[in-house]
Amino acid sequence: MGDTVQQFFAVKAKIAAAEQEAGRKAGAVTLVAVSKTFEAADIQPVIEAGQRVFGENRVQEAQGKWPALKQAFADIELHLIGPLQSNKAKEAVALFDVIETVDRDKIAAELAKEIARQGRAPKLYVQVNTGSEPQKAGIEPRDAVAFIARCRDVHGLAIEGLMCIPPAEENPGPHFALLEKLGREAGVEKLSMGMSGDYETAIAFGATSVRVGSAIFGSR
């Protein structure tokens, strides 16, 4: 068994332990294996070990490797977890099953147009910039609930989750707590939060999915 597969099973075990520790139901948290920058050959062993949910940062990179993998493994669920440019909405709707980075009206409008045109409706999450970092994508926390309402009422989009990436140098707990609170206020069920360094903390704060890359695939 290769290192990657061993690391995958180790992460799965830690998720199960964190669920139990937090008093969560077993299997309450979905592992999104972040495969950005890795080739299909690196990803396939993890698919064969049973993983079906993957995350990619860039539409173009994902287009290069996932259509063939999705054809070979029909039940794969592919998440876009990197920023989405409005000119890539067409490709994103065609390829991804979940888009986690809706963060402005222009993107919402483009996605609505493409969903209607293609008859394919990926699940949509709104990205919240919980640390209000100028260099990071995501809507400001104070604007999030109103933006989700606009996505639903103006753009006709079903928003089912929220996503955040806390500032690297801060304690992630308050950021996860803020996302959970915004989710409750907006009537959103899913919370995508927690990465390789802090996913166990995220599970304690109510994450429904965690995005883990380097702890499975190694450093890029």
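This passage describes two pockets and one annotated lysine in a predicted model.

The largest pocket encloses about 250 Å³ of space. Its lining comprises 18 residues. Nearest the centre of this pocket lie Lys36, Asn57, Ile81, Ile165 and Met195. By class, the lining of the largest pocket splits into seven nonpolar, seven polar and four charged residues.

Lys36 also carries an annotation. The UniProt record, an unreviewed entry, marks Lys36 as "modified residue: N6-(pyridoxal phosphate)lysine". In the model, Lys36 sits in the loop between β1 (30-34) and α2 (40-48). The relative accessible area of Lys36 is 23%. Lys36 is therefore partly exposed, since the buried class is limited to values under 20%. Leaving aside residues up to four places away in sequence, Lys36 is in contact with Gly55, Glu56, Asn57, Glu61, Lys65 and Arg220. One of these contacts, Asn57, is also listed among the residues nearest the centre of the largest pocket.

The second largest pocket has a volume of about 160 Å³. Its lining is formed by Ala28, Thr30, Glu77, His79, Val98, Lys123, Tyr125, Glu160, Lys190, Thr208 and Ser209. Two strands, β3 (77-80) and β5 (123-128), each contribute at least two residues to this lining. Glu77 and His79 fall within the range of β3 (77-80), and Lys123 and Tyr125 within that of β5 (123-128). The lining of the second largest pocket contains three nonpolar, four polar and four charged residues. Its charged members are Glu77, Lys123, Glu160 and Lys190.

Note on methods:
Residues are numbered from 1 along each chain as its sequence is written. This is a predicted model: local features need pLDDT of at least 70, side-chain atom pairs count only at pLDDT 80 or more; totals for chains, interfaces and linings use all residues. Side-chain values use heavy atoms; hydrogens and water are left out. On a 1 Å grid over the protein atoms alone, a cavity is a set of points where a 1.4 Å probe fits but cannot get out, and a pocket is an open set with protein on both sides within 12 Å along at least five of seven lines; lining residues have an atom within 4 Å of a point. Grid points are joined across faces, edges and corners, and a volume is the space filled by probe spheres set on the points. Helices (H or I, at least four residues) and strands (E, at least two) are DSSP runs, numbered from the N terminus. UniProt positions are given in the numbering used here, feature names are shortened, and annotations may be inferred rather than shown by experiment. Buried means under 20% relative accessible area, exposed over 50%, partly exposed in between (1.4 Å probe, protein chains only). Contact means heavy atoms within 4.5 Å.
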